[in-house]
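User: I've just opened this one and don't know my way around yet. Could you walk me through it?

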Amino acid sequence: SSRFPSTLSTARAACCGTRTATSASISTTNATSLILGHRDPQVTAALQAQAEKGTAFANPTEPEVELASLLTAALPSLQRLRFTNSGTEGVALALRAARAFTGKSKIAKTEGAYHGTSDHASISVTLRVSEAGMPSSQGLTAKTLDDMIIIPFNDAAAARRIIEQHGDDLAAVIVEPVMAGIGYVPAEAAFLEALREACDGQRTLLIFDEVQTLRMAPGGAQQWYDVVPDMSCLGKIIGGGMPVGAFGGRADVMAAFDATEGAPAIPHGGTFNGNPMTMQAGLATMRQLTPEVYERINERGETLRHQLRKWRAAPGCRFASAASRRSSACKLTDRPVTTYRSAQGQDEALRQKLFLHLLNEGIT
Ligand code: PMP
C-alpha cells in the first residue's frame, strides 16, 4: 500500500513520560530522542519561555552551563563536555580529538555499528554479511576506508588481537556499550574490559557512543560497567526533541578545544552549538528523569517484552527479540540475535511491509 503519509504535522503525546499516555500508539518518538514523548508540557513551556527571550545567541548561555553541569554530574567520565547539533557531529569531533591527542590516524569500530553519517562512521554499517566492512555510502575516499579497522562485537579475544595488530596507528576504538542497531545487545563486561586493556597497552583512546544508550540509566550504559571510557558521545534525549549532540571526556584530550589562551588546536565554532532553545528543552527533559521515571520506562518496556514473548510463542510467528535492561527491539528472523552476524538475514521484504503498515496505522 502507498497510503502512508509522507509528512507529519502533529504528534500525539505518546509514550513514556511522567503522565499517562494519551495515545495507544507505540512510537519510536523521533528515533528515541523524545524520552518523555511528544509535546511534554514542561518542555513546551520551556521552549515558549526561551522563544520570548531569544532563539539564538553566539555567546554561551546559562541553560548551556546548567545542562553541561547536569550531564557531567551524571557521567563522571565527562571531565569536559561540548555541545554540537547532532550525534553525528559529536562522534566526528570525538574521533578527531583522538587523532589529535594520539598523533595516530586509524579508528576501530565494531562491525555493523551505527555512529551517525560522518565519513569514518559510514563504514561497516550494513547488516548484510556479504557487505561487512564495506562503505555504506558512496563518496568516501580510499584514505578513509584505509583508516577504518573493524572489530567483531562481543568477541574479546579477536578485538584484543586486532587492536594490538594496529596499535601503532590506532587513535581510537569507538563502541556502543549496548549495541542498538542489532537490537540492543549489551556488551559483555569481558569484551569492554578487553577493549580497555588493549587500548591502554597501545596508547589508543576508548570512546563510548552513548547517543542512544543514555536513555537507559541516569549515567548511561557506562554506569553498569567497571570500564571508564576516555571519551563519550551523547545526543538524542539531552536535547529534549531539539537537534543536539555532545561529546566529552578526559580533560587532557578535550584541552585541544580550549580557546581561552588563543587559537585552539581543534577549532569548534558552530552557529548553533549550545543553542538556547535546545538547551532549555534538554534541561526541561533531563530534570524530569528521576530514578522513578527510569523505573516507569523500564516497567513499560517489560510489558512490551512480555507481550512480544507471548506473540513469539504463537504458531507461524517468526521474529527474534533482543533486549538489554532498558531497551528492546525485534528482528524478523527465527534465529536468536546476540551478535552482528546473527542479526543479519532478517526478512527485509516483510520488514518493509511492517514498516508501511505501522505508518498507515499512524504509528511512527
Ligand atoms: N550514534 C548512535 C548510536 C545513534 O543511534 C545515532 C542516531 N541514531 C547517532 C550516533 C547519530 O546521531 P544523529 O542522528 O543525531 O546525527
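Analyst: Let's begin with a term: a polar contact is a pair of N or O atoms within 3.5 Å; within protein, one must be able to donate a hydrogen and the other to accept it, and residues adjacent in sequence count only if both atoms are side-chain atoms. This is a predicted model, so local features need pLDDT of at least 70 and side-chain atom pairs count only at pLDDT 80 or more, while totals for chains, interfaces and linings use all residues. Residues are numbered from 1 along each chain as its sequence is written, and side-chain values use heavy atoms, with hydrogens and water left out.

User: Which ligand atom does the side chain of lysine 236 approach at 2.8 Å?

Analyst: Lysine 236 is listed among the residues around the ligand, meaning that one of its heavy atoms lies within 4 Å of it. Its polar side-chain atom is 2.8 Å away from a nitrogen atom of the ligand.

User: How much of the ligand does the protein bury?

Analyst: Two other side chains reach ligand oxygens: a polar atom of glutamine 212 at 2.8 Å, and an N or O atom of threonine 88 at 2.6 Å. On its own the ligand exposes 390 Å² (Shrake-Rupley method, 1.4 Å probe). Of that area, the protein buries 81%.

User: How many residues of the shell around the ligand are charged?

Analyst: Asp, Glu, Lys and Arg count as charged, Ala, Val, Leu, Ile, Met, Phe, Trp, Tyr, Cys and Pro as nonpolar, and the others, Gly among them, as polar. The shell has two nonpolar and six polar residues, and its charged residues number three.

User: Where in the chain are the partners arginine 287 and glutamate 66?

Analyst: They form a salt bridge with the closest N and O atoms 2.3 Å apart (a side-chain nitrogen of Lys or Arg within 4 Å of a carboxyl oxygen of Asp or Glu). The pair links distant parts of the chain, 221 residues apart: arginine 287 is in the loop between α9 (276-286) and α10 (291-313), and glutamate 66 is in helix α3 (residues 62-74).

User: Is arginine 196 buried or exposed?

Analyst: Arginine 196 meets aspartate 200 in a salt bridge at 2.8 Å, N to O, and both lie in helix α7 (residues 189-202), four residues apart. Buried means under 20% relative accessible area, exposed over 50%, partly exposed in between (1.4 Å probe, protein chains only). With a relative accessible area of 14%, arginine 196 is buried.

How values were computed. Helix = DSSP H or I, 4+ residues; strand = E, 2+ residues; numbered from the N terminus.
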